[in-house]
Amino acid sequence: MKLRHKLHRLTLRRSMASLILNSTFLILVIFLLGEAKGEKMIKLPKPKTKGEISLEEAVNRRSSVRNYSPKPLNLAQLSQLLWAAGGKRFDATTEASRTIPSAGALYPLEIFVLVGEVEDLDKGLYQYHYKDHSLKLLKEEDLREELSRSAWGQDFLAQAPVDLIVAAEPSRTTNVYGERGKRYIQIEVGHLGQNVYLQAEALGLSTCAIGAFDDEGVARVLGLKKGLIPLYILPLGYRK
Ligand SMILES: Cc1cc2nc3c(=O)[nH]c(=O)nc-3n(C[C@H](O)[C@H](O)[C@H](O)COP(=O)(O)O)c2cc1C
């Protein structure tokens with residue numbers, strides 16, 4: 001009986017060890033494939049669920065700012081802002097548990113980040129990957145001036161250390177909800193924008209919702225793939 005028990009425990013340990021080995025191998029392969037494709041992924045620091053001010057204070061202080069200091073943001077601030085904009089909730093049991101709601105949990109929005117001045121992060125265009133809370137480098141170039149020109153010369157987009165651009169892939173929602181899906185997408189981007197306003201405020205930062213821009217121009221600056229439409233721009237930085 002005792003021997004059978006020991007054997008059982010040994011087999012269990014062996015299967016655990018082989019599971020860990022296999023998973024490590026898989027992660028390594030995925031990482032190497034990414035590297036081989038020339039992909040640069042930046043893992044963001046873990047966001048916090050406690051801040052310096054109350055939600056009510058953030059709601060009361062929120063306002064649109066159009067004059068930014070060149071003072072850089074840090075990675076923790078950027079991480080927090082992206083998490084609020086569409087990250088995974090910590091209690092997430094499924095991919096659908098995110099910080100913003102989405103009709104049918106279809107999540108048609110993608111977040112792009114133009115980095116000008118962020119400590120320990122190269123200037124460039126990145127895409128936010130909510131699943132592993134990381135940034136994928138798409139272009140190593142400061143595109144803020146170009147973005148500002150595509151937004152009818154709203155120059156504070158070139159001044160702010162970071163610009164978030166939210167784009168939608170409408171088919172993800174309209175394939176399920178038809179025409180009405182278009183309405184849902186507009187509502188969802190509003191949810192995202194409000195989270196960013198409040199999170200920025202809670203970090204002592206500011207933003208301004210930007211809806212006035214040339215869609216094709218912004219899509220060109222970002223090199224958006226066909227089917228993605230830019231909906232909102234949110235500059236981020238310290239108020240000057
Ligand atoms: C959908 C939407 C689009 C907007 N587009 C712009 C814009 O292109 N440029 C701008 O300076 N402000 C823009 N704003 C910000 C509004 O001008 C601002 O929210 C309004 O003046 C109220 O000021 P407050 O946000 O400081 O309370 C936009 C706001 C929303 C909700």
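Which elements do the buried residues of H8 pack against? To find the answer, let us walk through this predicted model from the whole chain down to that one helix.

**The whole chain**

The chain holds eight helices and six strands. Following the sequence from start to end, you meet them in the pattern α-β-α-α-β-β-β-α-α-β-α-α-α-β. Of the 240 residues in the chain, 35% are buried. Contacts also reach across the sequence: among those between residues at least 6 apart, 72% join residues at least 24 apart.

**The sheet**

The six strands form an open sheet in the order E1-E4-E3-E2-E5-E6, with antiparallel pairing. Its edges are strand E1 (41–43) and strand E6 (229–236), each of which pairs on one side only. From one strand to the next, the twist averages 30°.

Take a look at strand E2 (residues 109–115), which pairs in the antiparallel sense with strand E3 (residues 124–129) over four bridges. E2 also pairs with E5, again in the antiparallel sense, over seven bridges. Here are some residues of E2 with the partners they face:

| Residue in E2 | Partner | Strand of the partner |
|---|---|---|
| Valine 113 | Tyrosine 126 | E3 |
| Leucine 114 | Leucine 125 | E3 |
| Valine 113 | Leucine 164 | E5 |

Valine 113 therefore appears twice, standing opposite tyrosine 126 in E3 and having leucine 164 as its bridge partner in E5.

Where do the side chains of E2 point? Leu109, Ile111, Val113 and Val115 point one way, while Glu110, Phe112 and Leu114 point the other way. This fits a general rule: in a regular strand the side chains alternate between the two faces of the sheet. Seven of the seven residues of E2 are buried, so this strand is largely enclosed by the rest of the structure.

**Helices on the sheet**

Helix H7 (residues 180–202) packs on the sheet and touches E2, strand E5 (162–168) and E6. The direction of H7 makes about 10° with that of E6. Helix H8 (residues 215–222) packs on the sheet as well, touching E2, E3, E5 and E6. For H8, the angle with the direction of E6 is about 75°.

**Back to H8**

Which residues of H8 are buried? They are Val218, Val221 and Leu222. Seen down the axis of H8, these buried residues fall within an arc of 90°, so they line one face of the helix. The general reason is that an α-helix has 3.6 residues a turn, so residues three or four places apart point the same way. Glu216 and Arg220 are exposed, on the face of H8 turned away from its buried side.

Now for the opening question: the buried residues of H8 pack against E2, E3, helix H4 (144–150), E5 and E6. Just after H8 comes glycine 223, whose phi is positive, near 65°.

**Around the ligand**

The model also includes a ligand, and the residues around it are Ser63, Ser64, Arg66, Gln154, Cys208, Ala209, Ile210, Gly211 and Ala212. This shell divides into four nonpolar residues, four polar ones and one charged one.

Conventions:
Residues are numbered from 1 along each chain as its sequence is written. This is a predicted model: local features need pLDDT of at least 70, side-chain atom pairs count only at pLDDT 80 or more; totals for chains, interfaces and linings use all residues. Helices (H or I, at least four residues) and strands (E, at least two) are DSSP runs, numbered from the N terminus. A residue is buried if 20 or more other C-beta atoms lie within 10 Å of its own, exposed if 12 or fewer, and partly exposed in between; C-beta atoms are placed from the backbone. Two residues are in contact if their C-beta atoms, placed from the backbone, lie within 7 Å. A residue is near a molecule or strand if its C-beta atom, placed from the backbone, lies within 6 Å of it. Ala, Val, Leu, Ile, Met, Phe, Trp, Tyr, Cys and Pro count as nonpolar, Asp, Glu, Lys and Arg as charged, and the others, Gly among them, as polar. Two strands pair if DSSP finds at least two bridges between them. Axes are lines fitted to C-alpha atoms, for helices over the stretch in contact, and angles run from 0 to 180 degrees between N-to-C directions. The arc is that of the directions from the helix axis to the C-beta atoms.
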